[in-house]
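Reader: I would like to learn how to read the features of a model such as this one. Where should we begin?

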Amino acid sequence: MAQAIPAADPPDAQPSLSARVLADQINQLQGNVAQVAWANLAVTILAAWTLQEHSSKLFLWIWLSAQLLNSLFNLWAGRQVVLRPATARNARRRARACVINAFASGVLWGVGVLILWPTGRLDLQVMLALLVVGLAGAALHALNAYLAAYHAYMLPTLGGVFVAGLWQGGRVELFMALGAAVYGVTCWRLAAAMNRGMVDSISRRYEVAALAASLHAQKALAEEASQSKSRFLAAASHDLRQPVHALSLFVGALGQQNLGGEARRLLGHVSTSVEALGGMFNSLLDISKLDASMVKPEIGQFDLKAMLERICHEEGALANAKGFAVRVNSPTMWIASDPALLERVLRNLISNAVRYTEHGGVLATARRRGRNVVVRVIDTGIGIPADRQAEVFREFVQLGNRERDRNKGLGLGLAIVRRLCTLLGLDLSLQSRVACGSNFKLQIPVNELIALPRPSAPNDALLPGNSNVIGHGELVLVIDDDTEILDGMQALLTGWGCHVVAAAGLADLMPSLAGLPQVPKVIISDYRLRGGETGLAVVEHLRSEYNDDIPAILITGDTAPDRLHEAQESGLTLLHKPVTPQELRHALAAAYWPRVTRRSVERASLAA
């Protein structure tokens with residue numbers, strides 16, 4: 001059966017599903033060309049050798065030569081098909097070529113049966129009929145991929161036996177003719193069933209591939225939307241942090257002045273509002289830091305019961321105002337985990353329970369259960385509907401705050417809790433009923449349990465308090481491209497007794513330092529300055545200029561993960577805008593006293 005190979009079609013529009021399915025059918029059919037050619041050649045030689053004495057030598061050699069050329073052409077075509085498989089764009093022309101070639105091969109066998117039919121030799125007639133029927137059966141498996149090609153081959157092939165049997169007219173010959181017809185109908189039906197299964201399989205494969213491509217595209221769009229949101233939050237957060245940071249510095253500087261009672265009261269309200277706004281920005285930053293994998297657990301030893309009691313005591317003021325209590329039920333239980341991060345998890349759970357409970361109470365328990373320590377935070381609050389319990393762990397979701405009361409936060413608490421639990425390897429689950437309350441369960445693996453004596457408390461004398469952390473008159477350099485922040489920082493540090501030199505960049509700073517004999521005690525620089533300059537470059541240049549490893553603090557309003565990584569890897573103390581006076585005092589202490597580590601200052605901001 002010869003398989004002609006038309007030239008490739010020029011590029012066209014996106015092919016349809018049916019065209020791609022047809023291309024796969026034709027490729028599968030043409031993939032069997034070589035095997036069919038060898039089988040056809042073998043059967044041809046066997047039939048010619050067996051029946052040579054009962055046929056015309058001329059017709060026999062003509063037929064044999066035609067079959068030989070047909071087989072050789074098929075072998076060559078099979079090789080070309082491997083090199084140039086059918087495509088959706090040329091599949092229909094390949095299909096027509098296959099049908100024509102299949103019909104030509106079938107006609108060769110149908111004519112051959114009439115040429116080779118051994119009149120008067122029933123045994124040879126049966127043998128020839130069986131050879132032809134076998135070829136039709138083999139073609140069923142080789143050509144069922146495309147029904148038109150199989151029909152074009154099978155009908156003339158079996159037609160030769162049918163015509164020869166009717167022509168002879170004997171009882172046995174008529175029986176063979178009828179058998180060939182019945183066999184042909186059976187093969188026809190079987191080929192149709194096999195073809196339907198193959199077409200359905202190919203179609204499903206393309207449908208699955210299309211679905212996978214669609215899901216991939218949707219995922220890419222979702223990732224792009226998420227990245228766009230992150231870029232927007234990073235840009236908006238940086239721009240909004242600048243004035244809030246300056247406001248915080250001015251409030252701190254103003255607090256050092258001698259104010260009257262009413263002015264002091266108003267200043268307290270302003271300070272509270274600034275702290276609330278700063279807390280909202282810090283929640284956004286915490287999400288960015290966790291997503292950027294910037295937070296690494298630092299395992300420490302601590303009493304879980306003491307931590308729960310401290311949190312419940314601190315959160316108890318709001319509960320007492322509402323008329324209920326926050327209780328702890330736990331034995332003394334020492335564990336090994338990251339105390340700052342685990343406290344953030346427990347504090348968020350307990351504060352949420354207090355916030356959304358109006359009567360009844362809140363209970364925090366800790367128990368050893370098999371291979372885990374199980375901590376539960378149980379409340380009698382408003383509860384969470386079952387179909388929305390997974391939703392509360394998403395960003396900016398607050399089921400009980402439709403009016404967006406800022407006193408209830410931004411809806412990032414449980415999103416941060418989920419990320420921290422993943423970071424610490426903790427299993428967090430929730431059970432809740434509307435109007436009955438909620439039960440958050442936190443499982444800590446038992447291999448985190450320890451039983452060691454309480455470590456000694458840090459020396460509080462080394463921590464910054466209300467006293468000045470830098471000697472009076474010491475030189476502090478402040479670099480920031482925002483004039484409001486420069487003014488606020490200068491006012492605050494001057495109030496602490498520092499000699500401050502402030503500038504928008506290195507070019508403005510160096511002339512101011514030319515006549516000063518002092519070596520700076522601390523450098524405080526914004527991370528991102530104008531003209532592509534960075535605080536890292538400024539610090540490096542100043543250290544080189546003074547030939548001294550001057551302590552330095554970076555302050556940034558960026559939340560982009562790459563910038564956070566770069567700033568953190570610098571090894572300098574890193575603060576995030578808006579910075580409160582207390583945070584700045586801690587950072588100065590960390591830079592000035594080596595035993596107060598930079599890492600503790602940064603982690604304190606996340607645990608706050």
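Author: Take one pair of residues in a sheet: I479 stands opposite S525 in β10. The model is predicted, and what follows should be read with that in mind.

Reader: Which strands does that pair belong to, and how many bridges join strand β8 to strand β10?

Author: Strands of a sheet pair through backbone hydrogen bonds, in either a parallel or an antiparallel way. Here β8 (residues 475–479) and β10 (residues 522–526) run parallel and are joined by 4 bridges.

Reader: What is the order of the strands in the open sheet that contains them?

Author: The order is β9-β8-β10-β11-β12, 5 strands with parallel pairing. β9 (499–503) and β12 are at the edges; each has a single partner strand, so one side of each has no neighbour in the sheet. On average, neighbouring strands of this sheet are turned by 20 degrees against each other, direction ignored.

Reader: Which strands does α12 lie across?

Author: α12 lies across β8, β9, β10 and β11, and runs at about 170 degrees to β9.

Reader: How does one check the length of helix α12 against its number of residues?

Author: Helix α12 covers residues 483–495, and at 1.5 Å a residue its 13 residues should span 18 Å. The end C-alpha atoms are 18 Å apart, which agrees.

Reader: Which residues of α12 are buried?

Author: The general idea is that an α-helix has 3.6 residues a turn, so residues three or four places apart point the same way. In α12 the buried residues are I485, L486, G488, M489, L492 and L493.

Reader: What caps the N-terminal end of α12, and what follows the helix?

Author: D482 is the cap: one of its side-chain oxygens lies 2.9 Å from the backbone nitrogen of E484. After α12 comes G497, with a positive phi near 95 degrees.

Reader: Which residues other than glycine have a positive phi?

Author: Among them are A435, with phi near 70 degrees, and N547, with phi near 50 degrees. N547 is in the loop between α14 (535–546) and β11 (552–556), and at 72% relative accessibility it counts as exposed. A435 is in the loop between β6 and β7 (437–445); its relative accessibility is 64%, so A435 also counts as exposed.

Reader: What do β6 and β7 form around A435?

Author: They form a hairpin with 3 residues between them, and A435 is in the turn. The two strands run antiparallel and are joined by 7 bridges. One of the pairs is Q431 with its bridge partner N439 in β7.

Reader: Where does this hairpin sit in the open sheet that has β2 and β4 in its order?

Author: That sheet has 5 strands with mixed pairing, in the order β2-β4-β5-β7-β6. Its edge strands are β2 (326–329) and β6 (427–433), each pairing on one side only. Neighbouring strands of this sheet are turned by 15 degrees against each other on average, direction ignored. Helix α9 (residues 304–322) packs on the sheet and touches β2, β4 and β5; its direction makes about 170 degrees with that of β2.

Reader: How many bridges join strand β4 to strand β5?

Author: There are 8 bridges between β4 (residues 362–369) and β5 (residues 372–379), which run antiparallel. Within this pairing, A364 stands opposite V377 in β5. In a regular strand the side chains alternate between the two faces of the sheet.

Reader: Where is the cis peptide bond that leads into P578?

Author: It runs from K577 to P578, with omega near -5 degrees. P578 is in the loop between β12 (573–576) and α16 (581–592).

Reader: What does V133 touch, residues up to four places away in sequence not counted?

Author: V133 touches L158 and Y183 on that count. The residue is in helix α5 (residues 122–143) and is partly exposed, with a relative accessible area of 21%. V133 and T157 are 24 residues apart in sequence, and their C-alpha atoms are 8.3 Å apart in space.

Reader: Which elements have the lowest and the highest mean pLDDT?

Author: Helix α17 (residues 598–607) has the lowest, 47, and β2 the highest, 94. The protein averages 78, and 81% of the residues score at least 70. Over residues 448–467 the pLDDT is below 50, and this stretch has 29 contacts in the model beyond near neighbours in sequence. Residues 403–407 are also below 50, with 8 contacts beyond near neighbours in sequence.

Note on methods
Residues numbered from 1 in each chain as written. Predicted model: local features only at pLDDT ≥ 70, side-chain atom pairs only at ≥ 80, totals over all residues. Heavy atoms only, no water. Expected span 1.5 Å × (residues − 1). Buried < 20%, exposed > 50% of the residue type's maximum accessible area, 1.4 Å probe, protein only. Polar contact = N/O pair within 3.5 Å; in protein donor to acceptor, adjacent residues only side chain to side chain. Pairing = 2+ DSSP bridges. Axes fitted to C-alpha atoms, helices over the stretch in contact; angles between N-to-C directions. Contact = heavy atoms within 4.5 Å. pLDDT = per-residue confidence, 0-100.
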